[in-house]
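Colleague: Got a minute to go through this one with me? I'd like the overview, then some local detail.

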Amino acid sequence: TRSGPLGCCRNPVGDIDLDLPLSRPTPADTSLDWARLGLATPPSEVFAGSGAGSGGFLVAVGEQAAWVCRARLDLAELARTDQRPLVLTAPGDGPVDVVSRVFAPTLGIDEDPVTGSAHALLAPYWMGRLGVDELACHQASARGGELRAAIVDERVVLTGRAVVMGHL
């Protein structure tokens, strides 16, 4: 990967733990026209990542999970106006702390089902904002995914179930 070797192992309960380098949120300049992109309500905050693994993400923060889940982005407009993958995120509902979606049309991925590298950036942001040591995360793509995130020694450990999608 761009961030070096990544450790991954099955934990005692059968879930997979993925160890990623932590990425710190940094202020981001963007000239995106959010309404033209398809968001009726603009984000309350926008930031980018710093770090090898998730430094290329642009993150738009909303105030409600529905803002993320109901978003219908104009992906052609996103590809024309910003080359970075766009993460939409907001506080979760119920047992979920954080909800997100990841769009990367310039990389040939309209919407990524579950994006570990994005959570290496979302984890420190949301843990700081929510004042918690662990997060329950839901990536609200069509396939969807549930992850738990924790920070250990300046690394983000993501835990969840995995499905083998192909092999070498």
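**Strand pairing and beyond**

Modeller: Let's start with one bridge: V87 has V102 in β7 as its partner. Keep in mind that this is a predicted model.

Colleague: In which sense do β6 and β7 run, and how many bridges join them?

Modeller: They run antiparallel, and six bridges join β6 to β7, which covers residues 98-104.

Colleague: What connects β6 and β7?

Modeller: The two strands form a hairpin, with six residues between them. G94 sits in that turn and has a positive phi of about 65°.

Colleague: And β5, how does that pair with β6?

Modeller: In the parallel sense, over four bridges. Strand β5 is residues 58-61. A60 stands opposite L88 of β6 there.

Colleague: How many residues of β6 are buried?

Modeller: Six of the six, residues 86-91. Strand β6 is therefore largely enclosed by the rest of the structure.

Colleague: Zoom out. What does the secondary structure of the chain come to?

Modeller: Four helices and eleven strands. The chain has 168 residues, and buried ones make up 45% of them.

Colleague: What about contacts between residues at least 6 apart in sequence?

Modeller: Of those, 61% join residues at least 24 apart.

Colleague: And how much area does the chain expose?

Modeller: About 8,800 Å². Carbon and sulfur atoms supply 53% of that.

Colleague: Switching to α4. What span should it have, and how far apart are its ends?

Modeller: Helix α4 is 15 residues, 116-130. At 1.5 Å a residue it should span 21 Å. Its end C-alpha atoms are 20 Å apart, which agrees.

Colleague: Where does α4 bend?

Modeller: At L122, by about 35°. A proline follows within four residues, namely P124.

Colleague: Is α4 largely enclosed or open, and why?

Modeller: Largely enclosed by the rest of the structure, because eleven of its 15 residues are buried. Among them are G116, H119, L122, P124 and M127.

Colleague: Any reason to look at spacing along a helix?

Modeller: An α-helix has 3.6 residues a turn, so residues three or four places apart point the same way.

Colleague: What comes just after α4?

Modeller: G131, with a positive phi of about 70°.

Colleague: Now aromatics. How many aromatic pairs does the structure hold?

Modeller: Two. One of them is Y125 with W126, and that pair is edge-to-face. The rings are 5.0 Å centre to centre, with 85° between the planes.

Colleague: Are Y125 and W126 buried or exposed?

Modeller: Y125 is buried, and so is W126. Both belong to α4.

Colleague: Which residues form the aromatic cluster?

Modeller: F47, Y125 and W126 form one cluster.

Colleague: Last topic, backbone oddities. Where is D153, and what is its phi?

Modeller: D153 is in the loop between β10, residues 145-152, and β11, residues 155-160. Its phi is near 50°, a positive value in a residue other than glycine.

Colleague: Why does that deserve a second look?

Modeller: Most residues other than glycine have a negative phi.

Colleague: Is D153 buried or exposed?

Modeller: D153 counts as exposed, because its relative accessibility is 71% and the cut-off for exposed is over 50%.

Colleague: And E154, what phi does that one have?

Modeller: A positive one, about 60°, although E154 is not a glycine. E154 also lies in the loop between β10 and β11.

Conventions:
Residues are numbered from 1 along each chain as its sequence is written. This is a predicted model: local features need pLDDT of at least 70, side-chain atom pairs count only at pLDDT 80 or more; totals for chains, interfaces and linings use all residues. Side-chain values use heavy atoms; hydrogens and water are left out. Buried means under 20% relative accessible area, exposed over 50%, partly exposed in between (1.4 Å probe, protein chains only). Contact means heavy atoms within 4.5 Å. Accessible areas come from the Shrake-Rupley method with a 1.4 Å probe; for residues, only the protein chains shown count as cover. Two strands pair if DSSP finds at least two bridges between them. The expected span of a helix is 1.5 Å times one less than its number of residues. The bend at a residue is the angle between axes fitted to the seven residues ending there and the seven starting there. Rings of Phe, Tyr and Trp (its six-membered ring) pair if their centres lie within 6.5 Å; planes under 30 degrees apart count as stacked, over 60 as edge-to-face and the rest as tilted.
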